[in-house]
Amino acid sequence: MSMTTDIMPAATPSSFLPAVSREIIQLATPIYALRPLLNTRPFPAGKTFVFYKQKGARAVGISQTGEGAYTVVDFRDYEIISYEPPIFTEGIEMSKAFVDTVQGVIDVWHDQLNSLARRIVYQQEKQVQAALDAAAGTTITATGTSLGFTGTEFTIASSLGQKDILAAKKEIAKANLVAEYLLINPVQEAQLNYLPHYTSYGYTGENSPTNGVVGEVENLRVVVTTVIPAGTAYVVSTGRNASGAYEPLGFWIEKSPLMAFYQFDVDRVVHKVRTYYHAGPLITSSASVVKITGMSTG
């Protein structure tokens, strides 16, 4: 759908426009990189989100019962996590004279809403990145060390190396979780592309360990986004584990979904669009996040 001035209710002082809300959501959805890692949970207004997390759920042990003995009872205790998401607003303003002049040349409403959608996505993605950063259960410093084709280690200082990725995977595996994602900035993507064993397919025709960086590295799906600060990377599990325990990485808690409001300011002769949403990320499994630091930022 493309927005035109025909559907803007200029005669109405202030209106909630579901069509504009849907337009912004449709424009925003393909841009998300980090938010899809979290389950979206709508939550009633006036309530605080409460999550009951089973302690030690990922650990699996053997309990043997001798003849005539009581049945072994294993009850896992729960911890309670509560969360109140933040409120965010964004907006655009355009003079009627500008719209009257430009709308016939380009679809200025669609163009401005597309820009607004990108700002909203960046805002939400930065929330997720900040939550991941704060919740990281382990932080390791990159060594820049990798294993060459000859079996000899080599090091590129201030770089993300194969050994660093494997070390982060190991930390998640120690928590009985399965590492699934590598979240990096384009600067670190370039560092991975420089390593011969991640681009060897073009030279040897063999898939050793991957056929290119944007895809999978060390069985991790690579997500490249500028939302991740340069010099930092994260190895993440969404909660997969061998015991099948319920261990979600986290949730996107949504008290109020994205809403768009339109107003025509008669004093300034200006079109106004304002957006509002009451939502945010809650990371519930710190063991699912390993942060890698100490790499160059340029």
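**Exercise 1.** Leaving aside its neighbours within four places in sequence, which residues is K255 in contact with?

*Solution.* The model is predicted. Start with the place of K255: strand β13, residues 250-265. Next, set aside the neighbours within four places in sequence. The contacts are then F43, P44, A45, G46, K47, T48, E84, P85 and H278.

**Exercise 2.** Work out whether K255 is buried or exposed, then find its polar partners.

*Solution.* Step one: take the relative accessibility of K255, which is 14%. Step two: apply the cut-off, since buried means under 20%. K255 therefore counts as buried. Step three: look at its side chain. This side chain reaches the backbone oxygen of K47 at 2.3 Å. A polar contact of 2.8 Å also links the side chains of K255 and E84.

**Exercise 3.** Examine the phi angles of N219 and V269, and place both residues.

*Solution.* Recall the general rule first. Most residues other than glycine have a negative phi. Now take N219. Its phi is positive, about 65 degrees, although N219 is not a glycine. N219 sits in the loop between β10 (216-217) and β11 (220-224). N219 counts as exposed because its relative accessibility is 61%. Turn to V269. Its phi is also positive, at about 55 degrees, and V269 is not a glycine. V269 belongs to the loop between β13 and β14 (270-283). With 38% relative accessibility, V269 counts as partly exposed.

**Exercise 4.** How many helices and strands does the chain have?

*Solution.* Count the helices: six. Count the strands: 15. To finish, check burial: 44% of the 298 residues count as buried.

Methods:
Residues are numbered from 1 along each chain as its sequence is written. This is a predicted model: local features need pLDDT of at least 70, side-chain atom pairs count only at pLDDT 80 or more; totals for chains, interfaces and linings use all residues. Side-chain values use heavy atoms; hydrogens and water are left out. Helices (H or I, at least four residues) and strands (E, at least two) are DSSP runs, numbered from the N terminus. Buried means under 20% relative accessible area, exposed over 50%, partly exposed in between (1.4 Å probe, protein chains only). A polar contact is a pair of N or O atoms within 3.5 Å; within protein, one must be able to donate a hydrogen and the other to accept it, and residues adjacent in sequence count only if both atoms are side-chain atoms. Contact means heavy atoms within 4.5 Å.
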